[in-house]
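Biologist: Can you open the model and talk me through the aromatic rings?

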Amino acid sequence: MCGIIGYIGNKDAVPVLISGLKRMEYRGYDSSGIAVMNDSRITVEKRVGKIVELERAVHSQSLPGNLGLGHTRWATHGSPSEANAHPHIDSAGHIALIHNGIIENYVSLRQRLESKGHEFRTETDTETLAHLIEDAYQGDLLEAVQEALAQVRGTYGLAVICDKEPDKIVAARMGSPLIIGVGEGENFVASDLAAIVTYTRNAIYLEDEEVALITADGIKHRTLTNHMVEKTVEEVTIDLEEIEKGGYDHFMLKEIMEQPRTLEDSMRGRLLLEDGTTKLGGIREYIDKIVAARRIIIIACGTSWHSALIGEHMLEEFARIPVEVEYASEFRYRDPIVEEGTLVIAISQSGETLDTLAAIREAKRKGAITLGICNVIGSSIARETEAGIYIHAGPEIGVASTKAFTSQVTVLALLAILVGRRKSISAAQGRWMVREMKKLPQYVEKILASTEHIKEIAERFKDHRNFLYLGRGYNFPIALEGALKLKEISYIHAEGYPAAEMKHGPIALIDKDMPVVFIATQDGTYEKVLSNIEEVKARDGIVIAVCCEGDKEMAAKSEYLLEVPRTMNFLMPILSVIPLQLLAYHVAVLRDCDVDQPRNLAKSVTVE
Ligand code: G6P
């Protein structure tokens, strides 16, 4: 989840590195650093804090040079300090290296290198790599990197420079994304397209176990074991404006507000109104296997795990296939039972979450059919699953996931309809479902218009220390997601529970200071939720209700109402989550929190 950028060419390297780092700041932002090569000498500058700190430091001095590396860090091994920030250098100061990932056997490697006289200056796993390359170096950087990496266990996307070969960057990948930007008389390497897209739209995606030798005029590709690799240059179609704030104060607000469009994009070309079904090109060849699946396991982390819970409901209701939802981090380590006919679906916005990727690999080893539901095109999970469905929500920059969540749920609904039409759904029912899906963007538009009202509610509750979110059925995962959004960005303690479970514990917390958010849309459990509301009121709790428009009963029972249009039950979560996204957003802004980069969190968690 750190960000990597390297540049070699005819420009001054520093401005290229700083602008690239700024575009990747969401990947990690506790410290940053650059290394610049000039006259066969490497100068390193690092700062703790945001990129702007580093920018100030480099502006106050002259740092010429047409070759350099930059890194923005999210600490894993060792605290966020200047020493621990990348680039890291070897004992003699000839090699500088930036790294994303974790070196698992760094302790034993470090002991061996220390016994050979290498002097370590940091607490990081990454520094070991610099010394390991130094140890292997015999006049050829590429060879030294290959030899060093052969001893390493773990994950990396890395870039290395050496002052004895001042005209090249060596880059390597294992489990952590790395892209080479191909320019004219200049080349780039980055962990993220956003970092280089202003300079070039020609990209080469490195695969695991590949190493690249990058000079200003060319790129050579090898495997770790030095076999030649043929790579193709792909044209990048991503629009940079898409990754900028578009006039909003925060990326998160922009991403919440663009949901009518992102939902449209997720459904584009996929709704077959007349046939009452859907079309999903990415899984076309797998549809028979999916229909025949005996069991589905959905694996994910964080917000994607919440969308998986909604997918479980949908697939069981319409596809009539038993579904289990697993945290990827648990699945991968507990020797899961994968029998013939088990379909494993991984849901991941980034497509790079390490636990989800590892869980997919484990599922494949056990013989499962694997599908991916990802946002980032060409991401590791998208490539490693046999087939999949892109959610097409566009780049999501705010750390707290919003538009990706609603698009994930939308795509799961498309899948449930597609499979369901082969099982339990009639043509007439299918047509109704598809028609309702088509109306989702306009429904969302309506909810977004109430942002000022939600802001008033946020004002009233911004200083509360605890929140409880309750929902049932399709709305239980929304209770979890609403609570997660609030705690992630406002640091207020919030818990989500199935409403009926309240009486088995959380009810003890309810008093006049406890706001309780009920997600109470008019589905099969509505009456039951009304009783749960009474239980809260009887204990003086404050009721905030997300309910369907015009619900008089709810208006009479709750102090604050967040109304959403009514649609079919299975689609309600896509609507009921939106006021909760806005509530969390406004509370966080009013509390002066860093909405887009909340403390301790990262957008793409590529470590365990
Ligand atoms: C991090 C992000 C969350 C995200 C989770 C899973 O924790 O902060 O917003 O839901 O990772 O990420 P993925 O990219 O796999 O959906």
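Modeller: Here come the ring pairs, then the charges over rings. It's a predicted model, where local features need pLDDT of at least 70, side-chain atom pairs count only at pLDDT 80 or more, and totals for chains, interfaces and linings use all residues. Residues are numbered from 1 along each chain as its sequence is written, and side-chain values use heavy atoms, with hydrogens and water left out.

Biologist: How many aromatic pairs are there?

Modeller: The structure holds 7 (Phe, Tyr or Trp six-membered ring centres within 6.5 Å; planes under 30 degrees apart are stacked, over 60 edge-to-face, the rest tilted). One of them joins Trp 305 and Tyr 327, which is stacked because the ring centres are 4.0 Å apart and the planes sit at 10°.

Biologist: Where in the chain are Trp 305 and Tyr 327?

Modeller: Trp 305 is in helix H9 and Tyr 327 in strand S18, residues 323-327, so this pair links distant parts of the chain, 22 residues apart (DSSP runs numbered from the N terminus: helices H or I, at least four residues; strands E, at least two).

Biologist: Is Trp 305 buried or exposed?

Modeller: Trp 305 is buried at 13% relative accessible area, while Tyr 327 is partly exposed at 40% (under 20% is buried, over 50% exposed, in between partly exposed; 1.4 Å probe, protein chains only).

Biologist: What about Phe 461 and Phe 467?

Modeller: Phe 461 and Phe 467 pair edge-to-face, 6.0 Å between centres and 70° between planes. Phe 461 is buried at 0% relative accessibility, and Phe 467 is buried at 1%. Ring pairs also tie Phe 461, Phe 467, Tyr 469 and Tyr 560 into a cluster.

Biologist: New topic: which charged end sits over the ring of Phe 461?

Modeller: That's Arg 460, 4.5 Å from the ring centre (Lys NZ or Arg CZ within 6 Å of the centre and within 35 degrees of the ring normal). Also, Arg 599 lies over the face of Tyr 491, 3.8 Å from the ring centre.
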